[in-house]
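Student: I should like to learn how to read the features of a protein model in an orderly way. Might we take the matter of contacts at the outset?

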Amino acid sequence: MPDDDAVSVGLGRLSSILTPKPRVPLETYFAKAWEVIEPGKPLVQGWHLGLMCEHLEAINIFPRSLKSSLVSVVWPTWEWGSLGRPELRYLFIAHEQTLSTEFSINRRLILESEWYRENWPRVIIASDQNEKKLIHNTRRGKMIATSTRGSATGKGGGRIILDDFLDPEQAES
């Protein structure tokens with residue numbers, strides 16, 4: 001039979017495990033983690049560290065918040081058109097090919113829309129490479145959609161975008 005002190009210690013540990021901890025900002029967490037990975041080496045916290053932490057925290061947001069629409073669909077078409085970079089090459093990888101293809105179809109819808117063509121007429125889709133999973137333009141830019149089970153070898157891209165990259169059933173393993 002355990003003594004009262006052992007039970008008390010055990011309950012204290014259990015309570016500390018079950019009590020939620022307050023959320024720590026990434027920049028604060030990084031400063032503490034730095035002491036562990038670089039003991040004795042001072043951390044020089046410039047403006048860039050705070051900015052990177054802020055952006056990483058902002059990206060880690062809840063599902064259904066338009067992340068995929070913004071990053072995998074709209075942003076690349078904006079870079080080709082509004083930013084004037086139609087030579088950029090993208091490789092989009094999702095866990096499921098159907099999702100990657102859906103994003104590709106939506107990108108093509110934007111690129112072929114009257115609104116887009118009127119505003120950025122220099123972005124012309126190459127007629128011989130306008131497929132569901134592959135879009136080329138006449139400035140040698142391309143957008144390739146594949147999956148984690150598909151082949152990305154040799155296809156390359158200046159921008160590689162991973163969206164819903166993990167198999168939800170294996171994400172916790």
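Tutor: Two residues are in contact when heavy atoms lie within 4.5 Å. Please bear in mind that the model shown here is predicted.

Student: Which residues is Tyr90 in contact with, leaving aside its neighbours within four places in sequence?

Tutor: With those neighbours set aside, Tyr90 contacts Pro76, Glu79 and Trp80, then Lys142, Met143 and Ile144, and also Gly157, Arg159 and Ile161. For the protein chain as a whole, 67% of the contacts with a separation of 6 or more are between residues 24 or more positions apart.

Student: How is the order of elements along the protein chain to be read, and how many helices and strands are there?

Tutor: The protein chain has six helices and five strands. Read from the N terminus on, the order is α-α-α-α-β-α-α-β-β-β-β.

Student: Which strands are joined to S1 by bridges, and how do they run?

Tutor: Strand S4 (residues 142–147) is joined to S1 by six bridges, and the two run parallel. Strand S5 (residues 159–162) also runs parallel to S1, with four bridges between them. Phe92 illustrates both pairings: opposite Phe92 in S4 stands Ala145, while Ile161 is the bridge partner of Phe92 in S5.

Student: Why is S1 described as largely enclosed?

Tutor: A residue counts as buried under 20% relative accessible area. Strand S1 (residues 89–94) has six residues, and five of them are buried, so S1 is largely enclosed by the rest of the structure. In the protein chain of 173 residues, buried residues make up 27%.

Student: What should one expect of nonpolar side chains?

Tutor: In soluble globular proteins, they tend to be buried together. In this model, the largest nonpolar core has 14 residues, and Trp80, Tyr90, Leu111, Tyr116, Ile135 and Met143 have the most contacts inside it. Helix H4 (67–80), S1 and helix H5 (97–111) are the elements that give two or more residues to this core. The largest share, three residues, comes from H5.

Student: Where, then, is a nonpolar patch found on the surface?

Tutor: Leu70, Val71 and Val74 make a nonpolar surface patch of about 230 Å². Val74 lies in helix H4 and has a relative accessible area of 37%, so Val74 is classed as partly exposed.

Student: What share of the accessible surface belongs to carbon and sulfur atoms?

Tutor: Of the accessible surface of the protein chain, about 12400 Å², carbon and sulfur atoms hold 59%.

How values were computed: Residues are numbered from 1 along each chain as its sequence is written. This is a predicted model: local features need pLDDT of at least 70, side-chain atom pairs count only at pLDDT 80 or more; totals for chains, interfaces and linings use all residues. Side-chain values use heavy atoms; hydrogens and water are left out. Buried means under 20% relative accessible area, exposed over 50%, partly exposed in between (1.4 Å probe, protein chains only). Two strands pair if DSSP finds at least two bridges between them. A nonpolar core is a set of buried Ala, Val, Leu, Ile, Met, Phe, Trp, Tyr and Cys residues joined through side-chain atoms within 4.5 Å. Accessible areas come from the Shrake-Rupley method with a 1.4 Å probe; for residues, only the protein chains shown count as cover. Patches are made of residues with over 30% relative accessible area and no salt bridge: like charges are joined within 9 Å, nonpolar side chains (Val, Leu, Ile, Met, Phe, Trp, Tyr) within 5 Å. A salt bridge is a side-chain nitrogen of Lys or Arg within 4 Å of a carboxyl oxygen of Asp or Glu.
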